[in-house]
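Visitor: I have a protein model open and I'd like to walk through parts of it with you. Could you help me find my way around?

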Amino acid sequence: MRRKLTDGWRGWLLAGLSAFCVCLYGGAAETTPGGQLSFDEAVGRLENARGYAAEVDYAVTLPQAQDDVVYKVCLEADKAEGDSLCEADYLIRWELPAPSGLAEGFLAYFDGHHYRFRDRRLQEYHFEWDSIPFLTRGGGVQRNGQFVDLLPQAIGATLRRMAGDSLVALRFNPDTVVGGRRMAAVTAVQSVRGYTGRVMRLLLDGTTAMPVMIDNEFNPGQISEQLVVVKYEYPGNPAEGGLPGSEEALRHRFPEVFEKYRESNYSIENLRGEPMPGFSLPTPTGERYARTKGDRFPSPAVIALIDPDAGLAAETVAALRSAAAMSPRELRLIMAFTGSHADRIDELTGGLRPGEAVLMSARSLARDCGAVSFPAIMVVGEDGKVANVILGFNNSLAADVIQSAAAL
């Protein structure tokens, strides 16, 4: 089966690349006859693509492999106006059949935030926390993620860069017909130290300039040769819920990923000054405690998310009770345990005390707050807004809670 898929696709692609009427070697594109795309027009449309959605077959052939590796990729993207970090806001979902089952993941970028999920691990990067990953050589994490180079905005940026590179021989054919469809064709040969490092062949729709097919040969003729063939399809309505422009929207698309595989407490750190999320949780005695987002408290509240099976859970409960007892202000203590075993929670708390609420099965609340490590403690004012967030246990936890409450 080796090369079965890629050879068929390549034959279709190469049929449109037999003649080139415009040649570029780092210079500007020549004008084309009326009604045909010029190189600059094609690049401009790619760079400025809005509301973009496509489904992609991404086939990789390696000399030593028996069969092609074929990914199914769903692309959603929009031009990122005024964003110097990336040409597009995007959501890229992919899947790959594997002997152990279906492997799948996603990448997303918007407004200085980048997320990537694979191998049951959600990595995230936030420019306001750490700018270095976004500014590293080669474009940063937001541009170098798997499949990001398939986006039209990225293709446009690549073509513009190639047109100005003396090591790239680039040719453009504004008018060819492939499979009865009018197309524009690009080929680029990139040299590295006198050797051909990459040959790229690209077909664009002759009207919209959106990508139809890409054929990439890396290190042709070498032992490390690799062939990648990409075929685009444009279903009528492939997007599911639109392009997420916030973490809340991304969490809504992938709730299980954020709940089970998140590795960063970024979100809960950013609750400061924001309304406490609403919740409705059971108590170990079978009752229910509920509040909606924006509800006020009769006095300042300390809401603690605690993993009952983690070390220092008992010490956390003791420190919080000590803070509530010593605070010069009345504090409402709400201890929300992520576990669902009432006996274990009773063992930790020894029962309910005045001014307290003990809740269980709080993983949904932890997810909504963005907490991934525990304890995570929120000091909330009477206005229902989070005044401070304290992460982890330390010997000064009681004093930290008292100080946060006193500052309200």
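Guide: We can go through some helices, strands and cores in turn, keeping in mind that this is a predicted model.

Visitor: Let's start with H9, then. How many residues does H9 have, and how far does it reach?

Guide: Helix H9 covers residues 313–326, which makes 14 residues, and from its first C-alpha to its last it reaches 20 Å, close to the 20 Å expected at 1.5 Å a residue.

Visitor: Which residues of H9 are buried?

Guide: The buried residues of H9 are Ala-313, Thr-316, Val-317, Ala-319, Leu-320, Arg-321 and Ala-323.

Visitor: And what do those pack against?

Guide: They pack against strands E15 (301–306), E16 (332–337), E17 (356–359) and E18 (376–380), and also against helices H10 (342–349) and H12 (397–406).

Visitor: Glu-356 caught my eye. Where is it, and is it buried or exposed?

Guide: Glu-356 is found in strand E17, and it counts as buried because its relative accessible area is 8%, while the cut-off for buried is under 20%.

Visitor: What does Glu-356 touch?

Guide: If we do not count residues up to four places away in sequence, Glu-356 touches Arg-321, Arg-332, Leu-333, Met-335 and Gly-351. Arg-321 is one of the buried residues of H9 that we listed a moment ago.

Visitor: What is the order of the strands in the sheet that holds E17?

Guide: The order is E17-E16-E15-E18-E19, in an open sheet of 5 strands with mixed pairing. E17 and strand E19 (386–391) stand at the edges with a single partner strand each, so one side of each is left without a neighbour in the sheet. From one strand to the next, the twist averages 15°.

Visitor: How many bridges join E16 to E17?

Guide: There are 4 bridges between E16 and E17, and these two strands run parallel. As an example, Ile-334 has Ala-357 in E17 as its bridge partner.

Visitor: Which helices pack on that sheet?

Guide: H10 is one of them, touching E16 and E17, with its direction making about 140° with that of E16. H12 packs on the sheet as well, where it touches E15, E18 and E19, and its direction makes about 170° with that of E19.

Visitor: Switching topic: how many residues of E2 are buried?

Guide: Strand E2 (residues 52–61) is mostly covered, with 9 of its 10 residues buried.

Visitor: What does E2 pair with?

Guide: E2 pairs with strand E3 (residues 69–79) in the antiparallel sense over 9 bridges, and 7 bridges join E2 to strand E12 (residues 226–233), again antiparallel. Val-56 is a useful residue to look for here, as its bridge partner in E3 is Val-73 and it stands opposite Tyr-232 in E12.

Visitor: Which residues have the most contacts inside the largest nonpolar core?

Guide: They are Tyr-58, Val-73, Leu-75, Tyr-90, Ile-92, Leu-159 and Tyr-232, in a core of 51 residues. A second, separate core has 24 residues, including Cys-369, Met-378, Val-380 and Val-389.

Visitor: Last one: at what angle do H2 and H5 pack?

Guide: Helix H2 (residues 39–47) and helix H5 (residues 152–163) pack at an angle of about 145°, their axes being 7 Å apart, and H2 passes H5 in a left-handed crossing. Among the residues that make the contact are Phe-39 and Val-43 of H2, together with Ile-155 and Leu-159 of H5.

Definitions and conventions: Residues are numbered from 1 along each chain as its sequence is written. This is a predicted model: local features need pLDDT of at least 70, side-chain atom pairs count only at pLDDT 80 or more; totals for chains, interfaces and linings use all residues. Side-chain values use heavy atoms; hydrogens and water are left out. The expected span of a helix is 1.5 Å times one less than its number of residues. Buried means under 20% relative accessible area, exposed over 50%, partly exposed in between (1.4 Å probe, protein chains only). Contact means heavy atoms within 4.5 Å. Two strands pair if DSSP finds at least two bridges between them. Axes are lines fitted to C-alpha atoms, for helices over the stretch in contact, and angles run from 0 to 180 degrees between N-to-C directions. A nonpolar core is a set of buried Ala, Val, Leu, Ile, Met, Phe, Trp, Tyr and Cys residues joined through side-chain atoms within 4.5 Å. A crossing is left-handed if the near helix is turned anticlockwise from the far one by less than a right angle, and right-handed if clockwise.
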